[in-house]
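Okay, thanks for making time, everyone. I'll put the structure up and walk you through a couple of places in it.

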Protein chains: 2
Amino acid sequence: MTDQNKFLLDENEMPKKWYNVNADLPRPLSPPLHPLTLQPVGPQDLAPLFPMELIKQEMSPERYIDIPGEIRDILAIWRPTPLIRARRLEKRLNTPARIYYKWEGVSPAGSHKPNTAVAQAYYNKKEGIERLATETGAGQWGSSLAFACKLFELECMVYMVKCSYDSKPYRRILMETWGAKVVASPSNLTDAGKAMLKKDPKCSGSLGLAISEAVEDTIKHENTHYSLGSVLNHVILHQSIIGQESKLQLKKAGEEKADVVIGCVGGGSNFGGMSFPFLMDKLQGRNKDLRAIAVEPMACPSLTKGVYAYDFGDTAKMAPVVKMHTLGHDFMPEPIHAGGLRYHGMSPQVSLLVDAGVIEAQAYHQREVFEAAQVFAETEGYVVAPESAHAIKAVIEEAKNCARSGEEKVIVFNNSGHGNFDMTAYDQFLHGKLVDYEYPVELVRQSLKNLPKVK
Amino acid sequence: MTDQNKFLLDENEMPKKWYNVNADLPRPLSPPLHPLTLQPVGPQDLAPLFPMELIKQEMSPERYIDIPGEIRDILAIWRPTPLIRARRLEKRLNTPARIYYKWEGVSPAGSHKPNTAVAQAYYNKKEGIERLATETGAGQWGSSLAFACKLFELECMVYMVKCSYDSKPYRRILMETWGAKVVASPSNLTDAGKAMLKKDPKCSGSLGLAISEAVEDTIKHENTHYSLGSVLNHVILHQSIIGQESKLQLKKAGEEKADVVIGCVGGGSNFGGMSFPFLMDKLQGRNKDLRAIAVEPMACPSLTKGVYAYDFGDTAKMAPVVKMHTLGHDFMPEPIHAGGLRYHGMSPQVSLLVDAGVIEAQAYHQREVFEAAQVFAETEGYVVAPESAHAIKAVIEEAKNCARSGEEKVIVFNNSGHGNFDMTAYDQFLHGKLVDYEYPVELVRQSLKNLPKVK
C-alpha cells in the first residue's frame, strides 16, 4: 500500500477505446420500440434524432469501440481525472475501509458530462449537422453540451427544467457564455411545452418533459439533431472512460481489486460509466463478490420503487419506448436540488443489471444526502453537487458497516461533479430550510397506469 | 516538442521546499515600520498578529524553506496542479507562440489561495491559536482560509468587502459551508467599520478597510490571529510552489526555458508565486532575457500609476507600514468585478522588482479583460475568474505580437482560479452592461497626500 493521496494518469495512459457492457450482459437488452407503432426501431427510425455513428454505437455488440483522436485531444484538457484516497473521511468515520473517489469535477463544465458531450458534438459535426437541441435538469448536461458545441462550432439550444432554471441562474449564464440559447421548460416554443403550461401554468418542469420539447424542436428544425446526456447506451459507452481510468489508478494505488463501486443514478450514465468497466470482471467470472450500488433520491426512486417495464423516455411520448425501471412517463418529481436525478426512467443497461441481481440500488432523502456532503466538505475539502452527494451518503453507510464488521473493504465511488452552482441548496441546508419529500406512492400508482401496452 | 496537451507531476514530485526571492533580490527590502512610531518593527511587534514561524518566514533571508509534511499532505488533495498547453487559443490567435497555463482552479476553493491558507492555518494551530480573522475581496481568499481552518479545526471570521458580499452570495455560502462566519465590510463589529459607515453609509468597501476590520478584530479577541491572503513575503513564499511546479512541467513539455511569465496582481501573491521561481534564474544571471509581466486593473493601477513609497497596508492605519507601489491607503477603488485586485498597495517584493526594472507592469480595463476571458472560454473551455482574465488579456497581446513578429516565444501564465462564482459579471458582460472605470487621477492625487511622513 502506498502513502500517496492522489493517483494520476498521464495523458497517453488515457483509454483509447470505450468499453461497451452490451458484450457482457447476462442476457440481451430488449429492443427499443417506436413510440407510435410500438414495433422495434431500426437505425433509420433514429436517424432524424442522431448521427448514424452514434446509432451504430447504441446498437453495437462490440466490447470495445475506438475513441477518435479528435475527441481524445479535447478530453485531454482535463482527463485523465484524478483518483483520490479519502483519508480524512476514513479517519472521521473511524473505518478500516479504504475509500477512493474519482474526481470528475475538474472538467470545464464541472462534471463528468463533457465526456459524452464532446463525443456527441464531434459525430454530429462530422455528419454535417449545424445545431443540437437538448434538455437539462440541474444544468450540468446543458453546460457540457454548450461547451462541446462551442469547440465544434455548432449552435446549441437548451431546454432547462424550470425549477433549475429559476434556482440556478449561474448555470444558465455559464451556458450562455459558451454561446448556447437557454429557455425554461415548459416553454412556449413547443407544442409539448404549451400543452403543459395550459394544464399547469406553475409547472416546475421535469426531465421527461424537457426531453419532449428538445425532441420536438429537433424534428421541427433543419440540420438539427437531438442530444441526450444520459440513459442511452452510447452515452454510457462514452462515460466508460471513467471506470477504465479508475481501474488503472486503483492498481497504481496498490489495490488488487475494488470490493464496492458506488455512483448516483438519474439516467444512469455516471454510475454506468464508473461501474461497468469494474462489472466487466464480475460478468466475466472474475471478482465475483464485487458489489455495485446505484444511489437514487427517495423523491424519484425508479430503481427501488419503480417497475421494470417498457415505457416512454419522455412525457409527450415522442422518444423511443425502452424497457427500463420507471415510475411512469407522467410522473413529475418534486423539485429536489439534485435536478440531474429527477428522471422517471433509467438506463436500460442499468435496469437489466438491477433486474438480473448484478447491481444493487439504494434511495436516500435529500437532507441526509446534504449531511453527507457536508461531512465530505469538512474532511476532503470539495463541496460537491447534490447529485454526487447521493453517492457519498451510500459510501458513508458502507464505510460505517466496515467500521462495525472490521472489514477492510476497498470502496470506490464516482464523485461526478462540483457543487459551485448549487450554493443555494447548501444555503437552505445550512439554515434548516431543506425539505424531504416522501415517496409519492399514489402519484406513481396513477402514473404507472399509463405505461404503453406492449405485446 | 511533445504533442501532449497537459503536463502533470506526480504527488512525490511536488516541491518539498518553498523558494524565497529575498535571497536573490538586487537590493534588500526596506524594513516594515510600526504604524504608530514609524520605526522598524521587530518580530515581537508582529506577534499579536502572526505566529512566530510565519514572522520568521516573513523576515527570512534563506533561499529555501522546508514545507512541513502535514501541509504537503493537504496540498496533495489537488496539487501538483496541471500545466496545460493552450493549443486552441494559439490556433485562434494564429500565433507561433507556445502558450502554457498553470491551472490553479482545481483546488477545493477554486483558486491558488489555499496554497498559503493551509500553511497559515497549520502554523497558527501549532502555536495554540483557536481563531483566525481575515478580510476577503471577491471571496477567493476568505473561502480558502475557511477551508483550511475547517481542516485544522480553527474558527474563521471573514470580513468580506461589501460590493463582493452583495454580488457574490455563493462565495459567502461556500465559506459558511466550511463553517466560517462572514460579515460585509464595512461592518458594525469594529470601530474602523463603524467610522466608515458613519462617513458613508453606502460605502462599497475596499480590501484596505476590510484589513483594518480584521486586524482590529484580532487585537480585540483572545487566542485570535490575523491572516492575510496576499502582499506579505511569507504569503508569496507559500505560493512559490506554483512557479516551481511550472518549471518542472515546462521541462516535461520539452521547453528549455520560458520567455514571458504573466500573472495578474492585486496584492501580488499569485503573480509572485508564479514568477519568482522563474525570475530566480534571471536574478542569478541565467535566462537574462526573461520578461515577467504583472497585470492589474485600470481602476486600481498601483504598479503603473502609483508611487513607490512607504504607506499603510490598510485604511485605518493599523497594519504595518511598508515600502511598496501604492495609490494611497485612502484610495477606494470602483467596484470592478475583479474584487481580488482592488487593493491600493502591492507586495513589497513585487514593488522592488518593478522599481528595479526586473518586472514589467500593464493595466487593462474590465471590458477588454472579459473579452479575453470569453475568447479563452471559447477555445480552452475554462471560464476563469475576472482576476485571472487580466493575465489572459496580457497573454493574448503578447501572442499577437508574436504573430506579427514571427517569434516563437514560450509564454507561461498563472490561470489562478475559476469563474464559477463570477457568473453575474459574465452575465453583465454578455448583455453589454459592464462598465469601464477611468483611472481616477484626482482621487489618487488626494489620496497620495496622506502617505505617512517617513524620515
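**A sheet and a helix pair**

Let's start with a single bridge: Ala294 of chain A has Ala361(A), in β14(A), as its partner. Keep in mind that this is a predicted model.

That bridge belongs to a bigger set. Strand β11 of chain A, residues 291-297, runs parallel to β14(A), and five bridges join the two.

Now zoom out. Which order do the strands of the open sheet in chain A take? Going across, we get β1-β4-β5-β15-β10-β11-β14, so seven strands with mixed pairing. At the edges you'll find β1 (6-7) and β14 (360-364) of chain A; each has a single partner strand, so one side of each has no neighbour in the sheet.

Next, the helices on that sheet. Helix α11 of chain A, residues 233-252, packs on it and touches β1, β4, β5 and β15 of chain A. Its direction makes about 135 degrees with that of β5(A). Then there's helix α16 of chain A, residues 386-405, lying across β5, β10, β11, β14 and β15 of chain A. Relative to β10(A), α16(A) runs at about 150 degrees.

Okay, over to chain B. Helix α15 (residues 366-380) and helix α17 (residues 423-430) of chain B pack at about 100 degrees, axes 11 Å apart. So α15(B) is roughly perpendicular to α17(B). From α15(B), the contact uses Arg367(B), Phe370(B), Glu371(B), Ala373(B) and Gln374(B); α17(B) brings Ala425(B), Tyr426(B), Phe429(B) and Leu430(B). By type, that contact has six nonpolar residues, one polar and two charged.

How values were computed: Residues numbered from 1 in each chain as written. Chains lettered and ligands numbered in written order. Predicted model: local features only at pLDDT ≥ 70, side-chain atom pairs only at ≥ 80, totals over all residues. Heavy atoms only, no water. Axes fitted to C-alpha atoms, helices over the stretch in contact; angles between N-to-C directions. Helix = DSSP H or I, 4+ residues; strand = E, 2+ residues; numbered from the N terminus. Parallel < 35°, antiparallel > 145°, perpendicular 65-115°, else oblique. Contact = heavy atoms within 4.5 Å. Nonpolar A, V, L, I, M, F, W, Y, C, P; charged D, E, K, R; others polar. Pairing = 2+ DSSP bridges.
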